[in-house]
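Biologist: Please pick one part of this model and look at it closely. Then follow its contacts outward into the neighbouring elements.

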Amino acid sequence: MENDTVAVATAASASIKVAVVVCLLRGDKVLIGKRRSSLGDSTFSLPSGHLEFGESFEECAARELKEETGLDICSIELLTVTNNLFLDEAKPSQYVAVFMRAVLADPSQEPQNIEPEFCDGWGWYEWDNLPKPLFWPFERVVQNGFNPFPRLNSC
């Protein structure tokens, strides 16, 4: 009964948010930044941000990438969705993470660090050689076999 009381108290004070996470691909690499945030500070993660009211996942992905990196993207598609509970934080929260894949609209563009208060910088990394440590929701999805690169069927 005590655990039920804690769960109810936590649920009453917790927030639920939707984050759109962008797997931006360039050749065999993906764009990753080092977080500066109360959640996952100094860990590496994909570009992401909160879904705004009335926004589609694709619109959110394009907006967040532009706001964070200055990059324009296209060919935006849904990959997977995860449910992430942050129970050990001062204010418990739940994030539904919507993973999207995209490519650069202009392959010659380079990412800029437009929001240095949230990110230490961006880099392109091979999927099999990701930087460490990863932000735990990202690490968990990778460990579960997630791969944003399209699988080509053989003839």
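Modeller: What follows starts with one helix and then moves to its surroundings.

This is a predicted model, where local features need pLDDT of at least 70 and side-chain atom pairs count only at pLDDT 80 or more, while totals for chains, interfaces and linings use all residues. Residues are numbered from 1 along each chain as its sequence is written, and side-chain values use heavy atoms, with hydrogens and water left out.

The part is helix 2, residues 57-69. Helices (H or I, at least four residues) and strands (E, at least two) are DSSP runs, numbered from the N terminus. Start with the length. The expected span is 1.5 Å times one less than the number of residues. For the 13 residues of helix 2 that gives 18 Å, and the end C-alpha atoms are 18 Å apart, so the two agree. Just after helix 2 comes Gly-70, with a positive phi near 80°.

Now the burial. Buried means under 20% relative accessible area, exposed means over 50%, and partly exposed lies in between (1.4 Å probe, protein chains only). In helix 2 the buried residues are Cys-60, Ala-61, Arg-63, Glu-64, Leu-65, Glu-68 and Thr-69. Their cover includes strand 1 (15-26), strand 2 (29-35) and strand 4 (48-50). Strand 5 (73-86), strand 6 (93-104) and strand 7 (119-126) are also among the covering elements.

One residue of helix 2 deserves its own look: Arg-63. Arg-63 counts as buried because its relative accessibility is 18%. Its side chain makes a polar contact with the side chain of Glu-55, at 2.6 Å. A polar contact is a pair of N or O atoms within 3.5 Å; within protein, one must be able to donate a hydrogen and the other to accept it, and residues adjacent in sequence count only if both atoms are side-chain atoms. Leaving out residues up to four places away in sequence, Arg-63 touches His-50, Glu-52 and Glu-55. Contact here means heavy atoms within 4.5 Å.

Next, the strands in that cover. Strand 6 is mostly covered, with nine of its 12 residues buried. Strand 6 pairs with strand 1 in the parallel sense, over 11 bridges. Two strands pair if DSSP finds at least two bridges between them. Val-18 has Val-96 of strand 6 as its bridge partner. Strand 5 and strand 6 run antiparallel and are joined by 11 bridges. Leu-78 stands opposite Met-100 of strand 6.

Strand 5 holds an unusual backbone angle. Most residues other than glycine have a negative phi. Ser-75, in strand 5, has a positive phi near 50°. Ser-75 is exposed because its relative accessible area is 53%.

Strand 2, strand 5 and strand 6 have a further packing partner. The buried residues of helix 3 pack against these strands and against strand 3 (44-45). In helix 3 (residues 136-143) the buried ones are Pro-137, Phe-138 and Val-141. They cover an arc of only 100° around the axis, so they lie on the same side of helix 3. That arc is taken from the directions from the helix axis to the C-beta atoms. Gly-145 follows helix 3, and its phi is positive, near 100°.

Before helix 3, in the loop after strand 7, sits Pro-133. The peptide bond from Lys-132 to Pro-133 is cis, with omega near -5°.
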